[in-house]
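Please work through the exercises below with the sequence and the model open side by side. Each task is followed by a solution that proceeds step by step.

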Amino acid sequence: MRVTLLGTGDTTGTPTVGCDCDTCGAARERGVERTRFSVHVENERTGESLLIDFSPDFRYQFLRDDVPLPDAAVITHVHFDHLDGLGNVFRVFDDLAVYAADETDPKTGKSVAETVRDDYHYLDPVTVVPTTPLETVRICGLDVTLVPVDHPPLVCYGLSVEDPETGATLSITGDTSYDVPDESRAALADAELLLADGIVPASLCEYHPIGGRHEDADGVPRTFGTKHMTREGALALAAELNADRTRLVHLAHFYPADEAFEEPLAIDGEQYVL
């Protein structure tokens with residue numbers, strides 16, 4: 001299982017357009033970037049590839065990292081930075097199965113699968129496959145499980161991906177607070193590689209309008225606002241999940257420049273063979 005981190009940034013990416021902060025400046029100087037979130041998973045046994053989320057930067061990511069076009073895709077939730085690259089399917093794919101959760105979101109009145117189907121009804125190559133969370137499905141020769149996480153006000157899902165023949169395992173928290181349900185934690189546990197949402201360091205919670213949540217015993221917030229984990233929260237979850245290796249993703253340019261490119265914060269283009 002070859003995993004390529006196509007996009008490791010939050011909704012504005014790093015460098016952010018029009019931003020001259022020290023972190024965006026350091027990214028330009030180093031020649032590194034964090035485009036909007038997307039992960040490419042290649043099953044080298046079968047020669048098939050799975051894409052997790054359609055970043056708005058889809059075209060650029062695939063040209064830059066020279067990975068194969070996916071044979072199937074999964075959409076974790078319907079926010080712009082995870083879905084709106086799906087329009088790139090037009091005149092690029094003959095057919096593409098797109099898996100998405102079938103649970104109705106009380107906020108929208110639709111499931112993620114229904115939203116994808118309705119918003120991209122004009123894309124003939126796309127076949128939306130409604131998928132029940134916590135029920136494993138075989139995609140591209142890999143066992144894939146959508147796991148509910150906590151990203152209010154919308155439903156959102158992480159992923160467990162396992163090669164049934166080699167035992168290689170990848171877990172992705174998806175966009176989430178630290179309040180991941182116990183059943184989902186169990187599904188994400190013991191991965192060879194964990195990609196965890198860690199949008200900012202906990203010290204920045206004081207600048208959020210509602211601060212932080214889910215403080216640890218020392219009062220350190222593990223959730224920034226309500227939607228995303230802090231760096232400290234992501235690492236605490238990784239320790240609980242017993243991940244062999246953890247990379248933090250969905251990172252904002254608000255990380256101070258002297259911390260923004262330190263381990264275990266990921267940058268675009270990283271590749272792992274599991």
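The exercises that follow deal with strands, a sheet, unusual backbone geometry, an annotated span and aromatic rings.

This is a predicted model in which local features need pLDDT of at least 70 and side-chain atom pairs count only at pLDDT 80 or more, while totals for chains, interfaces and linings use all residues. Residues are numbered from 1 along each chain as its sequence is written, and side-chain values use heavy atoms, with hydrogens and water left out.

**Exercise 1. Determine which strands pair with β1, and state whether β1 is enclosed or open to its surroundings.**

Step 1. Helices (H or I, at least four residues) and strands (E, at least two) are DSSP runs, numbered from the N terminus, and two strands pair if DSSP finds at least two bridges between them.

Step 2. On one side, β1 is joined by three bridges to the antiparallel strand β16, residues 271–273, where Gln-271 is the bridge partner of Thr-4. Five bridges link β1 to β2, residues 38–43, and this pairing is antiparallel as well; within it, Arg-2 stands opposite Glu-42.

Step 3. Buried means under 20% relative accessible area, exposed over 50%, and partly exposed in between, with a 1.4 Å probe and protein chains only. Five of the six residues of β1 (residues 2–7) are buried, so the strand is largely enclosed by the rest of the structure.

**Exercise 2. Describe the surroundings of Thr-4 in strand β1.**

Step 1. Thr-4 belongs to β1 and is buried, its relative accessible area being 2%.

Step 2. Contact means heavy atoms within 4.5 Å. Leaving aside residues up to four places away in sequence, Thr-4 touches Ser-38, Val-39, His-40, Asp-65, Val-67, Glu-270 and Gln-271.

Step 3. A polar contact is a pair of N or O atoms within 3.5 Å; within protein, one must be able to donate a hydrogen and the other to accept it, and residues adjacent in sequence count only if both atoms are side-chain atoms. Such a contact, at 2.9 Å, connects the side chains of Thr-4 and Gln-271.

**Exercise 3. In what order do the seven strands of the open sheet lie, and which helices pack on it?**

Step 1. The strands of this open sheet follow the order β6-β5-β4-β3-β2-β1-β16, with mixed pairing. At the edges stand β6 (126–131) and β16, each with a single partner strand, so one side of each is left without a neighbour in the sheet. The twist averages 20° from one strand to the next, where axes are lines fitted to C-alpha atoms, for helices over the stretch in contact, and angles run from 0 to 180 degrees between N-to-C directions.

Step 2. Within the sheet, β2 and β3 are antiparallel and joined by five bridges, and His-40 stands opposite Leu-51 in β3.

Step 3. Helix α2 lies across β1, β2 and β3, running at about 130° to β1. Helix α4 (residues 112–119) also packs on the sheet, where it touches β4 (72–75), β5 (96–101) and β6, and its direction makes about 140° with that of β5.

**Exercise 4. Locate the cis peptide bonds at Pro-153 and Pro-264, and the positive phi values at Asp-53 and Asp-190.**

Step 1. Pro-152 and Pro-153 are joined by a cis peptide bond with omega of about 10°, and Pro-153 sits in the loop between β8 (142–148) and β9 (157–162). The bond from Glu-263 to Pro-264 is cis, with omega near 0°, and Pro-264 lies in the loop between β15 (246–249) and β16.

Step 2. Asp-53, in the loop between β3 (48–52) and α2 (58–65), has a phi near 75° and is buried, with a relative accessible area of 0%.

Step 3. Asp-190 has a phi near 65° and occupies the loop between α5 (182–188) and β11 (193–197); at a relative accessible area of 49%, Asp-190 is partly exposed.

**Exercise 5. Characterise the aromatic pair formed by Tyr-120 and Tyr-122.**

Step 1. Rings of Phe, Tyr and Trp (its six-membered ring) pair if their centres lie within 6.5 Å; planes under 30 degrees apart count as stacked, over 60 as edge-to-face and the rest as tilted. By this rule the count comes to four aromatic pairs.

Step 2. The rings of Tyr-120 and Tyr-122 are 6.0 Å apart centre to centre with 40° between the planes, a tilted pair. Tyr-120 is buried at 10% relative accessible area, whereas Tyr-122 is partly exposed at 47%.
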